[in-house]
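Me: Got a minute to walk through this one with me? I'd like to go sheet by sheet and then pick at the odd spots.

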Amino acid sequence: MSGPSNGRRAIDATIVDVQTVRVSPTVKPELVVAGARGVHDRSDFLLVRVVTSAGVTGIGEVSATLTWSGEDGATGEYLIRTVLAGAVIGQPIAPVADLERRMDRALAGSPFTKAGLSTALWDAYARTLDVPLAVALGGPLHTEIPVKCSLSGDGDRLRDTHRAAAAAGFGSFKVKIGLDPVADAERVALARQLCGPDAFIGLDANGGYRRDAARRAVELIRPSAPAFLEQPVEPGDLAGMRQLRDLGLPIVADESVFGTDELVSVLRAEAADVVSLYIGKSGGPGRLVSMARLADAFGLTVVIGSNGELGVGAAAQLQAGAAAAGLSTHIPSDIIGAHYYQEDVLAEPLTADGRTARLPDGPGLAVSLREDIEARFVSVTDEQGHRFDAVPAGTGTAQALRRTDNPNP
Ligand SMILES: [Mg+2]
């Protein structure tokens, strides 16, 4: 990473290039997660790098999966190279929020893809200021975040997953449920037996139950002393979520909340006690921090959730989590990064003991990529037909799209 420049010249720097590289890490066989949304054994992700006119670079990660938002590394690469790069190239690096608005005008939806580019922009901005990203985001409010690991599968499969997680130091867990109350109760009972009587164990149904099945599952699982119930029913059933709060377990909203509008709906419906915020669902680290502030103002506790991030994404979770108001110290977050995969993309892994994720020292995300991955980045300007020239503020791809491609102006 290049060093910062000082003063006004640096903050006036513009985005001069956007670069991408696809990565497809394999999940450690013993940690493959099988939940109500299917089996996840490999990730198809994208790394993003931005370069400013001051020579500062920033990196980000599109940690997207098709079952979550209809995005992955391939769609992320396409959307960044054909649309989003053109929305930010030539624009000032600050304020980053303005660049995010330009991305929203140029492209509907696709929050995980926008989050990858947004993370790279925030990293470059914080490196320009020569401060940690958590500081650029208004923190840090915390320098250590408790973490947990997901357990899934039945019988020997669950034993293997638990053994691998315990060997990595994890002491807090989340068990995947949401398929069948009786089988789910057996799985959680085995998890309790493996993890010990004092271990923290939460439940995540990934929206797999109907209301009555969720109620029955909690009755059956209650002897295993679960600490929370995440997304018991489908994302839109906020009335059901609210009803299930009478079970006496903290209800965590995950799939119910992507962006700010959905957070507001959950707050209005009083549908949850806790909200799980992701860098990807919210559209980037800055928006995650804004959403945490809103949740906290209305008494909702925040945890940082995961879409199986690699090291860059985990560093972004850590920096944004450190700046997030209302972050739970009781319910651990899902910042596990490289632990999940056979190999990591970072030159130096984040320190991880399975219990606590600690904010690293240094500007921006405070991580750097392996040299062989750095060498594989391809600039958006390298491809014929995808050349973005610097454009004055207020013009460019967004406006061009509006003129030619938007059927609902
Ligand atoms: Mg979840």
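Me: Which strands make up the antiparallel open sheet, and in what order?

Reply: This is a predicted model, to be clear. In it, 4 strands form an open sheet with the order 5-4-1-15, and their pairing is antiparallel.

Me: Which strands sit at the edges there?

Reply: Strand 5 (57–62) and strand 15 (378–379). Each has a single partner strand, so one side of each is left without a neighbour in the sheet.

Me: How many bridges hold strand 4 to strand 5?

Reply: 6 bridges, with strand 4 (residues 45–52) and strand 5 running antiparallel. If you want a register point, Val50 has Gly58 in strand 5 as its bridge partner.

Me: And what does helix 3 touch on that sheet?

Reply: Helix 3 packs against strand 1 (15–23), strand 4 and strand 5, and its direction makes about 180 degrees with that of strand 1. Helix 5 packs on the sheet too, touching strand 4 and strand 5, with its direction at about 155 degrees to that of strand 5.

Me: OK, so at what angle do helix 3 and helix 5 pack?

Reply: Helix 3 (residues 73–88) and helix 5 (residues 111–129) pack at an angle of about 50 degrees, and their axes are 10 Å apart. That makes helix 3 oblique to helix 5. The crossing is right-handed.

Me: Which residues meet there?

Reply: From helix 3 you have Thr75, Gly76, Leu79, Ile80, Leu84 and Val88. They meet Thr113, Lys114, Gly116, Leu117 and Leu121 in helix 5. By type, the residues of that contact divide into 6 nonpolar, 4 polar and 1 charged.

Me: Switching to the parallel sheet. What's the strand order?

Reply: The order is 7-8-9-10-11-12-13, an open sheet of 7 strands with parallel pairing. Strand 7 (149–151) and strand 13 (301–304) are the edge strands, each with a single partner strand, so one side of each has no neighbour in the sheet.

Me: How many bridges between strand 12 and strand 13?

Reply: 4 bridges join strand 12 (residues 274–277) to strand 13, and the two run parallel. Val274 has Thr301 in strand 13 as its bridge partner.

Me: Which way do the strand 13 residues point, and are they buried or exposed?

Reply: Thr301 and Val303 point one way, Val302 and Ile304 the other way, and all are buried.

Me: What about strand 10 and strand 11, how many bridges?

Reply: Strand 10 (residues 229–230) pairs with strand 11 (residues 251–253) over 2 bridges, in the parallel sense. There, Leu229 has Ile251 in strand 11 as its bridge partner.

Me: Where does helix 8 lie?

Reply: Helix 8 (residues 181–195) lies across strand 7, strand 8 (172–176) and strand 9 (200–204). The helix runs at about 160 degrees to strand 8.

Me: Now the odd spots. Where are the cis peptide bonds you'd flag?

Reply: One joins Ala94 and Pro95, with omega about -5 degrees. Another joins Gly139 and Pro140, with omega about 0 degrees. Pro95 is in the loop between helix 3 and helix 4 (96–106), and Pro140 is in the loop between helix 6 (133–136) and strand 6 (144–146).

Me: And which residues other than glycine have a positive phi?

Reply: Asp130 is one of them, with phi of about 60 degrees. Asn206 is another, with phi near 45 degrees. For background, most residues other than glycine have a negative phi, and most peptide bonds are trans.

Me: Are those two buried or exposed?

Reply: Asp130, in the loop between helix 5 and helix 6, counts as partly exposed because it has 17 C-beta neighbours inside 10 Å. Asn206 is in the loop between strand 9 and helix 9 (211–221); with 22 C-beta neighbours inside 10 Å, Asn206 counts as buried.

Me: One more residue: where is His40, and why does it count as buried?

Reply: His40 is in strand 3 (residues 38–40). It is buried because 20 other C-beta atoms lie within 10 Å, and 20 or more is the cut-off for buried. His40 and Val27 are 7.8 Å apart, C-alpha to C-alpha, and 13 residues apart in sequence.

Me: And for the whole chain, how many helices and strands?

Reply: 16 helices and 15 strands. Buried residues make up 54% of the 409 residues.

Conventions. Residues numbered from 1 in each chain as written. Predicted model: local features only at pLDDT ≥ 70, side-chain atom pairs only at ≥ 80, totals over all residues. Axes fitted to C-alpha atoms, helices over the stretch in contact; angles between N-to-C directions. Parallel < 35°, antiparallel > 145°, perpendicular 65-115°, else oblique. Left-handed = near helix turned anticlockwise from the far one by under 90°. Contact = placed C-beta atoms within 7 Å. Nonpolar A, V, L, I, M, F, W, Y, C, P; charged D, E, K, R; others polar. Buried ≥ 20, exposed ≤ 12 C-beta atoms within 10 Å, placed from the backbone. Pairing = 2+ DSSP bridges.
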